[in-house]
Amino acid sequence: MSQALSTQAVVAVVGTGAMGAGIAQVAAAAGHPVRLLDNRPGAALQAIDGIRAQFEKMAAKGKMSAEACAAAGGRLQAAEQLSDLADAALVVEAIVESLAAKQKLYSDLEAIVSEACIFGTNTSSISVTAIGAALKHPERLAGLHFFNPAPLMALVEVVSGLATDPQVASTLFATATAWGKTAVHAKSTPGFIVNRVARPYYAESLRVLTEGGADCATLDAVMREAGGFRMGPFELMDMIGHDVNFAVTRSVWNAFFNDPRFLPSLVQQDLVDAGFLGKKTGRGFFDYRAGAPKPDPATEALQTLPGHIVICGRSPAAMALSMRLTAAGVAFEHTNASDGRIAQAGDAVLFVTDGRSATQRASESDVANTVLMDLALDYNKATRMALTCASQCSPTAASAATGLLQACGLKVSRLADIPGLVVMRTVAMLANEAADAVNLGVCSAAAADAAMRLGVNYPKGPLAWADDVGLKAIRDVLANLGTSYGEDRYRISPLIQRHVYAKRNIHD
Ligand SMILES: NC(=O)c1ccc[n+]([C@@H]2O[C@H](COP(=O)([O-])OP(=O)(O)OC[C@H]3O[C@@H](n4cnc5c(N)ncnc54)[C@H](O)[C@@H]3O)[C@@H](O)[C@H]2O)c1
């Protein structure tokens with residue numbers, strides 16, 4: 001592994017908007033002299049004022065000493081023109097997201113900087129290989145992809161194009177690490193790691209919504225309270241802005257030659273067409289205008305606890321229900337289970353979803369009163385659980401299953417009988433996408449998991465999560481979704497298939 005750039009090395013940041021200013025702040029705080037250049041008059045000085053104000057805020061909160069604050073602020077210098085960057089050891093660009101603009105900037109810079117100077121583009125979606133194609137020395141260029149806001153987000157993707165010198169990627173990796181970030185290596189493929197692997201987080205919920213599985217507020221609540229995600233997909237898309245989120249989905253879909261795995265959603269297209277871009281326009285999936293009510297998630301009314309409860313088997317879901325019932329002082333029996341059931345409540349039989357609808361599963365197993373539960377990040381800690389009942393299930397059985405989960409202290413959201421509920425199909429597809437990225441050499445399994453934890457705050461890396469759920473269970477969910485929908489979208493990554501056959505975890 002290469003050494004990080006010395007703190008004496010001059011770092012230039014070109015483009016001092018949201019990202020460039022954040023990156024300049026990180027580099028100055030780490031001890032580098034930083035030159036800031038922007039083609040908008042006054043923008044670099046404005047960015048410097050903003051960064052110094054940030055340092056002062058940190059000093060006021062005791063997160064930085066007064067000396068460190070003054071020293072870091074003093075390392076920032078506005079540049080007037082490209083030639084002022086001649087002594088830079090690293091030029092990070094965070095200019096407009098345009099291939100032509102980035103190519104021109106770096107090819108102009110090649111005539112100015114030393115041969116040893118390395119280039120780190122902060123592009124989120126343009127091929128690093130394509131930017132490098134305009135350079136005399138494309139080997140000196142790599143992606144240095146920070147997340148917004150750069151001073152707070154821990155992740156940096158170091159992205160190698162076809163011509164990138166591994167030493168350059170290694171130096172950038174070490175430098176980002178020295179700057180207090182967690183760096184991950186990635187190959188320059190569409191979406192790099194995070195923007196590719198995150199697509200199903202939005203796509204699966206959008207599909208459940210489109211199929212009438214539940215409304216946005218309910219799906220968000222299930223994803224937060226059972227899935228452990230910080231924000232539900234709909235509130236998150238509203239926050240990001242549908243124009244931005246839809247553009248990323250479209251660009252990844254286009255870049256993969258319209259692979260159905262990344263197919264954009266017509267529901268989101270409609271929001272963009274309507275100008276309902278989310279919080280910033282006052283309307284998206286939710287209504288943010290003054291006085292608009294915030295919709296509550298659909299939660300089942302309290303049901304009577306059935307007289308006879310049996311917990312079946314020792315799966316994490318079954319064990320959590322038994323712990324929760326014990327804590328609530330509810331009596332139950334415990335038996336083994338040969339068909340994967342986790343509980344019986346009165347006439348109802350509960351299973352965790354395997355990607356089939358409850359109706360299909362009831363029909364295939366001859367258990368009419370089939371009730372399916374969703375995946376939870378931790379069944380012991382979840383506060384809400386989604387369930388769905390087979391068409392054949394009696395209302396009494398549905399009520400008994402609901403009563404059992406409520407007795408366990410869970411709020412219950414009943415979804416229409418879509419296959420795979422919502423947390424399970426989302427996690428299975430996130431893991432599938434991460435596995436495919438690993439299988440195609442984009443990144444390591446550890447990098448994929450770190451990227452998703454740190455780049456988008458997932459509660460667990462998708463591959464570690466799949467290992468915990470059981471890779472075979474994840475494979476079955478994907479296979480059943482594939483059969484239900486008959487779409488290539490749910491094709492299973494060969495990496496997951498191989499590991500299931502080898503009876504190994506991804507992280508073994
Ligand atoms: N905003 C994000 O969440 C985010 C996250 C990661 C990466 N990115 C990427 O970072 C880059 C910048 O994004 P941003 O959100 O900071 O944009 P921004 O619009 O806030 O800032 C871009 C800045 O670059 C300047 N600029 C444009 N062309 C220039 C040129 N040729 N030379 C010098 N300055 C120029 C503009 O005046 C502006 O100040 C883009 O490539 C974007 O895809 C953005």
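**View 1. The ligand and the shell of residues around it.** In this predicted model, 19 residues surround the ligand, and the closest are M19, D38, E97, K102 and S124. A residue joins this shell if one of its heavy atoms lies within 4 Å of the ligand. By class, the shell has seven nonpolar, eight polar and four charged residues; here Ala, Val, Leu, Ile, Met, Phe, Trp, Tyr, Cys and Pro count as nonpolar, Asp, Glu, Lys and Arg as charged, and the others, Gly among them, as polar. At least two shell residues come from each of α1 (18-29) and β6 (141-146). Helices (H or I, at least four residues) and strands (E, at least two) are DSSP runs, numbered from the N terminus.

**View 2. Polar contacts to the ligand.** Look here for pairs of N or O atoms within 3.5 Å. The side chain of D38 places an N or O atom 2.6 Å from an oxygen atom of the ligand, and the side chain of S124 has one 2.8 Å from a ligand oxygen atom. N39 takes part through its backbone, with an N or O atom 3.2 Å from a nitrogen atom of the ligand. On its own the ligand has 830 Å² of accessible area, and the protein covers 72% of that (Shrake-Rupley method, 1.4 Å probe).

**View 3. The largest pocket, home of the ligand.** The ligand sits in this pocket, meaning that more than half of its atoms lie within 2 Å of the pocket's grid points. A pocket is an open set of points on a 1 Å grid over the protein atoms alone, with protein on both sides within 12 Å along at least five of seven lines; lining residues have an atom within 4 Å of a point. Its volume, the space filled by probe spheres set on the points, is about 1100 Å³. Of its 35 lining residues, F147, N148, N195, I240 and V244 are the closest to the centre. The lining divides into 21 nonpolar, ten polar and four charged residues.

**View 4. The largest cavity.** A cavity is a set of grid points where a 1.4 Å probe fits but cannot get out. The structure holds one of 30 Å³ or more, and the largest has a volume of about 80 Å³. Its lining includes R199, Y202, N245, R261 and Q268. Helix α8 gives the largest share, four residues.

**Notes for all views.** Residues are numbered from 1 along each chain as its sequence is written. Local features need pLDDT of at least 70 and side-chain atom pairs pLDDT 80 or more, while totals for chains, interfaces and linings use all residues; side-chain values use heavy atoms, without hydrogens and water.

Methods. Polar contact = N/O pair within 3.5 Å; in protein donor to acceptor, adjacent residues only side chain to side chain.
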